[in-house]
Amino acid sequence: MLPRWVSRAAVWVPLAAAALWVLVLARNTSAGPAIREPGEFVVTLLDGVTFAGLLFVVASGFTLIFGLMRTVNMAHGSLFLGAAYVAHEIQTNMVGKDANIDARDVSLLAWILPLLAAGAVVALLGLLMQQLLLRWNQGQDLRQALITLAISVIAADQLLAHFGGVAQPLKWPGAVTHFFEIVGERYATSRLFMLGVALLVGALLWLWLNRTRMGMVIRAGVDDQEMVRALGINITLVFAITFVVGSFLAGVGGVLGGSFAGSVAPGVDGAWLLNSLVVVIIGGLGSVKGAVAGSLLYGMVVALSPAYLPAGYTYYSVIFTFALLAVVLAVRPAGLYGRVE
Amino acid sequence: MTAADSLLTVEDLQAGYGTSRVLDGLTFSMGTESVCIVGRNGMGKSTLCKTIMGMVSPTAGAITFSGRRIDGLAPEKVARSGIAYVPQGRRLFPSLTVEEHLAMLAPESRGKRWTPTAVYELFPRLADRRSNGGAELSGGEQQMLAVGRALLLNTPLIVMDEPSEGLAPSIVDDLIAVVHRLVSEGVAVLVVEQNLRAATAMSARQLVMTSGRIEIELTAAELLESTQLQSTYLGVDA
């Protein structure tokens, strides 16, 4: 462990420098200093929080599965992408147009039904994957990681073969695609809608984990799986249900992410597996609380760094993601809410 | 073997980790009574508990409980067959409150002898700490919760691994009283103990374990009286 003052300095010095830069110094950046351009600042913060919502939906499923079963599901991004394609397929059928779908064509039902159906499809696929391939390798982390990695490679090729390399449309419902004014800036309602869905998912997840018997069993299983079994509880059933829920969350994330981007394209499976990994490394593997914290921190860095880098240097904003990871890992090697084993 | 001896029978049990054999031809049997397994550190007492519970697979031998073979079963199956476990070090769930530890097992206990309410009556201190996390309890409270959790399974046999470890003498007395109460209510208790006072107060039958087998069976009185036996089998120098 680092000495205490070093870890404190590693957190507060960069934070103070960043705050000073954003508030006063950030001339010649796309957003401008926050005291002069409060509207831009608020919009950037909103971008961060709403993107964090999407990150949370995807990463919470990932962390839930890892926390209970120690399975690093490398196919999590494939479930995300698969769900987005399924939703695209259903939505285009419901709207009755193949290309050039406009949000105005999309009724609320033509968004919610694809969301639930796509979530259900990948939840079933996740269950099959767990029952047919992972159950026999329980406790063998590396094998499970390799199996799911293989699935993700196969799934990526199969999706590419079926849906092609061109981006396919997936749209928000027309009812939420408006703009509203905040501190003199226009802001998209759909981003707040995405945050709303994420909050709903978070609330339901919290209720499930904290207010139901199965939630208690899951939390107990994260702590000490063998002891849960010695109390006569059939944990294999709990494993299966957790995999279903985790996969469903990846699917919901895929439909949100696809709608957010306006389209579904090959490659986002890998990107979203990486996003999930970044969130859980920051927050701590296996902790839902950590997924909230990790999503917020990562979301903020993703939103703030391009907005407040000098024009012409915004390409380097990804460096700040690595800086965030480096600081968190230096101060808390197991992540913010991770447990040291 | 008498009829009373037939609740749990362990015959020529062998088990270990990797290539090291920890249990080496262990044999004993018990009925609805309390039995203590005593012995020095490293003689395989905890491994015996884990092997009975299905956490360690035996390589040879048999464990028969209520007339059914249970060796090689998974832990949840062993528990379901009627054996509750109070592990060494309590192994509470840090993420769960006291109340949740009991609520998790409450549905199955409905209408039976031990419900969460009955556990709170037995251990009133737990009732005061309902919403505390498992890690926020004192050692004694933790042990009460570990015992209470096991009671909710309402099993005919409870296996306790070093329940008095690290507890204040007054709490150990409470624990001894609980063991007597359970036996008087028809529940068998198998206790692994290092603490001579606790072990001899909990049961008349003292099975001394050395190098993975039961070396000798003594009565509590014999063990208490003889400093010779104590230093030979327990390493206690009086």
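**Notebook: chains A and B, contacts and cores**

I began with A:Arg219, which counts as buried at 14% relative accessibility, the limit for that word being under 20% relative accessible area. I keep in mind throughout that this is a predicted model.

**Entry 1, the pair around A:Arg219**

I asked which residue forms a salt bridge with A:Arg219. The partner I found is B:Glu100, and the closest N and O atoms of the two are 2.8 Å apart. Since B:Glu100 lies in helix H3 of chain B and A:Arg219 in helix H7 of chain A, residues 213–223, the pair joins two chains. I then looked up B:Glu100 for its accessibility, and with a relative accessible area of 11% this residue is buried because it falls under the 20% limit.

**Entry 2, the interface as a whole**

From that pair I moved out to the whole contact, where I noted that 18 residues of chain A are in contact with 22 residues of chain B. Together the two chains bury about 1900 Å², and carbon and sulfur atoms account for 60% of that area. On the chain B side, I wrote down B:Glu76, B:Phe93 and B:Met104 as the residues that lose the most area to chain A, together making up 31% of what that side buries.

I also looked up how many salt bridges there are between chain B and chain A. The count is four, while the count over all chains comes to 17. B:Glu76 appears here again, as its side chain meets that of A:Arg229 in a salt bridge with an N to O distance of 2.7 Å. For polar contacts between the two chains, I recorded eight residue pairs, with both residues at pLDDT 80 or more.

I next wanted to know which helices of chain B supply the side that touches chain A. Helix H2 (75–81), helix H3 (98–103) and helix H4 (106–109) each give at least two residues to this side, and the largest share, four residues, comes from H2(B). Sorted by type, the residues of this side of chain B are 15 nonpolar, one polar and six charged.

**Entry 3, salt bridges within chain B**

I turned to pairs inside chain B and took B:Asp24 and B:Arg213, whose side chains meet in a salt bridge at 3.9 Å, N to O. This pair links distant parts of the chain, with B:Asp24 in strand S2 (residues 20–30) and B:Arg213 in strand S10 (residues 213–219), 189 residues apart. I noted B:Asp24 as partly exposed at a relative accessible area of 26%, and B:Arg213 likewise as partly exposed at 39%.

A further pair is B:Asp173 with B:Arg197, where the closest N and O atoms of the salt bridge are 2.9 Å apart. I placed B:Asp173 in helix H8 (residues 169–184) and B:Arg197 in helix H9 (residues 196–202), so that 24 residues separate them along the chain. B:Asp173 is partly exposed, with a relative accessible area of 37%, and B:Arg197 counts as partly exposed at 40%. I also recorded that salt bridges with shared partners join A:Asp224, A:Glu226 and B:Arg91 into one network.

**Entry 4, nonpolar cores**

I asked which members of the largest nonpolar core touch the most other members. This core has 156 residues, and the ones I was looking for are B:Leu8, B:Phe28, B:Leu157 and B:Leu190. The largest share of the core, 12 residues, comes from H2(A). A second, separate core has six residues, among them A:Val22, A:Ala31, A:Ala34 and A:Tyr308.

For B:Leu157 I listed contacts beyond four places in sequence, including B:Leu7, B:Leu8, B:Met30, B:Phe65 and B:Leu190.

**Entry 5, two buried residues of chain A**

I looked up A:Val58, found in helix H2 (residues 38–69) of chain A, and it counts as buried at 1% relative accessibility. Leaving out residues up to four places away in sequence, A:Val58 touches A:His76, A:Phe80, A:Gly253, A:Trp272 and A:Ser276. I also checked the C-alpha separation of A:Val58 and A:Leu231, which is 32 Å, the two being 173 residues apart along the chain.

Last, I took A:Thr148, in helix H5 (residues 141–163) of chain A, and asked whether it is buried or exposed. A:Thr148 is buried, its relative accessible area being 0%. Under the same exclusion of sequence neighbours up to four places away, its contacts are A:Val72, A:Asn73, A:Met74, A:Ala75, A:Met129 and A:Leu134.

Technical notes
Residues numbered from 1 in each chain as written. Chains lettered and ligands numbered in written order. Predicted model: local features only at pLDDT ≥ 70, side-chain atom pairs only at ≥ 80, totals over all residues. Heavy atoms only, no water. Contact = heavy atoms within 4.5 Å. Buried area = accessible area lost by both parts, 1.4 Å probe. Polar contact = N/O pair within 3.5 Å; in protein donor to acceptor, adjacent residues only side chain to side chain. Nonpolar A, V, L, I, M, F, W, Y, C, P; charged D, E, K, R; others polar. Buried < 20%, exposed > 50% of the residue type's maximum accessible area, 1.4 Å probe, protein only. Core = buried A, V, L, I, M, F, W, Y, C linked by side-chain atoms within 4.5 Å.
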